[in-house]
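User: I've got a two-chain model open and I'd like to talk it through. Can we go piece by piece, with the reasoning spelled out?

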Amino acid sequence: MYDTGKIIPGLLVFVGLVTFPIWYGFVSADGHLPNPEKPTKAKQCVESTEFMRTSHMVLLNDWRDNIVREGGSRHGKTADGTEFVRSLHKGCMDCHTSKRKFCDECHTYAAVKPYCWDCHIQPKEAN
Amino acid sequence: MDNSRRKFLKIAGLSAIAGIAAPTAFNGLLKGEAQASSASGGGHGGTGAASGKRYGFVIDVSKFARDKGLAQRCIDACHSIHNVPDYGNKKDEIKWIWTDGFENVFPDHSHYKKNADLHDAPILTLCNHCDNPPCVRACPTKATFKNPDGLVLMDFHRCIGCRFCMAACPYGARSFNWRSPRELDAAGNYKYIKNPKPEFPTRMRGVVEKCNMCAERLAEGKIPACVEEARGANAMVFGDLNDPRSRISKVLARKFTIQRKPALGTHPSIFYII
């Protein structure tokens, strides 16, 4: 093979550049997994952690349609019998008081931009 | 002319189908069954079964004529709890409840020589929460709908800002957000919403809004904010029109009342004692 000395280093540089986004994620400090703040106020959420992790947006839509359109109850009960308000502001944000430490933690990581706070007024951040 | 038998039969068949289909389509429209949105319910389900309630107001105009500041206090009570923006100009104005002259509120009833009191008395007016609401028929996304308690409500999430409902409403009860209600001033506060209430969302640019008869307060067992404000002067009565024992039904049975533009057949739930 001719020009082995140029081709092999050239290939290595090329592969390095192409895979840059992958190893950069591992190397840089930003590669940490999201860690949303756990509330201290309540032990149990309205549904299981797995359900909330994957389907909290579905739950919020269901609450909204049920309350606004079908005249559903504004109150619910968790599995252990604790009462809660079925409301983003008066329910969710009552325990998860910080949008920045809870919502944004995952949403920023996953690069999703929900439009909740375009209209709903977000709670004041403590610091 | 090369009219084959085949061609003749085709034309005859199509004409027959058109002849049968056209009257059916017309009848559907004339009977008022047509909705701007397709299949009832759609992705967000229908509204729940009717509760048999129909909430309404009686507004006593003479009480408002006696206490000139009362109407404004009712307006402020409503607009402050619902984060209604005040843009400071008539063109962009958002109003859930407002006052207008007698001849504007009751064009059917205005006449040449009328009671002097009525000339300058501002008449408080708001969404009529019609029993047959034209806005609901016009809405292509079912963002506006009639809830089980007979309130005409909006789901702001679904409003696409087409403003068909504004064209359909004969009372001008709907306002459009031509600009963002959440513009900030230099200090980082909302420029157009003084003392925003976090319990109630604001709207965004491109969304229609109107009175919701304080559905969020009714759910907590409270009465609408304007009625609460006017309660001292006994100027407004709120209640279930379908319940013959409710106070509003008794007032309506005793007093002569008028409605806004009754000839349109919208069946308003707001009644006025003149």
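User: Let's start inside chain B: which residue in β8(B) is the bridge partner of B:Ile59?

Analyst: Keep in mind that this is a predicted model. B:Ile59 falls in strand β1 of chain B, residues 55-60, and five bridges join that strand to β8(B). The two strands run antiparallel. Within that pairing, the bridge partner of B:Ile59 is B:Met236.

User: Which residues does B:Ile59 touch, not counting those up to four places away in sequence?

Analyst: The bridge partner B:Met236 is one of them. B:Ile59 and B:Met236 are also both among the residues with the most contacts inside the largest nonpolar core. The full set touched by B:Ile59 is B:Leu124, B:Met236, B:Ile270 and B:Tyr272.

User: What is the strand order in the open sheet of three strands?

Analyst: The pairing in this sheet is mixed. β8 and β9 (270-273) of chain B each pair on one side only, which makes them the edge strands. Neighbouring strands are turned by 20° against each other on average, direction ignored. The order in chain B is β8-β1-β9.

User: Is β8(B) mostly covered or mostly open, and how many of its residues are buried?

Analyst: β8(B) is an edge strand, pairing on one side only. Helix α10 (residues 247-254) of chain B lies across β1, β8 and β9 of that chain. β8(B) is mostly covered, and the number of its five residues that are buried is four.

User: At what angle does helix α10 run to β8(B)?

Analyst: Helix α10 of chain B takes in residues 247-254 and lies across β1, β8 and β9. Its direction relative to β8(B) is given by an angle of about 115°.

User: How many residues are in the largest nonpolar core, and which helix gives the most to it?

Analyst: The core has 57 residues. Those with the most contacts inside it include B:Phe57, B:Cys74, B:Ile97 and B:Cys226. Five residues of the core come from the helix that gives the most, namely α3 (residues 70-81) of chain B.

User: Now for the loops. Is B:Arg174 buried or exposed?

Analyst: B:Arg174 sits in the loop between α7 (164-168) and β6 (175-176) of chain B. Its contacts beyond four places in sequence include B:Cys135, B:Cys165, B:Val208 and B:Lys210. The count around B:Arg174 is 22 other C-beta atoms within 10 Å, and 20 or more is the cut-off, so B:Arg174 is buried.

User: How far apart in space are B:Arg174 and B:Cys211?

Analyst: In sequence, 37 residues separate B:Arg174 and B:Cys211. Going from C-alpha to C-alpha, the distance between them in space is 8.1 Å.

User: What is the phi of B:Cys214, and is this residue buried or exposed?

Analyst: Most residues other than glycine have a negative phi. B:Cys214 is not a glycine, yet its phi is positive, at about 50°. It is found in the loop between β7 (208-209) and α8 (215-218) of chain B. With 24 other C-beta atoms within 10 Å, B:Cys214 is buried.

User: And B:Asn234: where does it lie, and is it buried or exposed?

Analyst: B:Asn234 also isn't a glycine and has a positive phi, of about 60°. Its place is the loop between α9 (225-230) and β8 (236-240) of chain B. B:Asn234 has 9 C-beta neighbours inside 10 Å, and 12 or fewer is the cut-off, so it counts as exposed.

User: Over to the other chain. What radius of gyration does chain A have?

Analyst: Chain A runs α-α-α-β-β-α-α-α from the N terminus on. Its C-alpha atoms fill a box of roughly 80 × 30 × 30 Å. A compact globule of 127 residues would have a radius of gyration near 14 Å, but the value for chain A is 23 Å.

User: What share of each chain counts as buried?

Analyst: Chain B has ten helices and nine strands, while chain A has six helices and two strands. Of the 274 residues of chain B, 34% count as buried. For the 127 residues of chain A, the share is 6%.

User: Last one: how many residues does each chain bring to the contact between them?

Analyst: On the chain B side, the residues that touch chain A are nine nonpolar, eight polar and four charged. The contact takes 21 residues from chain B, and from chain A it takes 14.

Methods. Residues numbered from 1 in each chain as written. Chains lettered and ligands numbered in written order. Predicted model: local features only at pLDDT ≥ 70, side-chain atom pairs only at ≥ 80, totals over all residues. Rg over C-alpha atoms; globule rule 2.2 N^0.38 Å. Contact = placed C-beta atoms within 7 Å. Nonpolar A, V, L, I, M, F, W, Y, C, P; charged D, E, K, R; others polar. Pairing = 2+ DSSP bridges. Axes fitted to C-alpha atoms, helices over the stretch in contact; angles between N-to-C directions. Core = buried A, V, L, I, M, F, W, Y, C linked by C-beta atoms within 7 Å.
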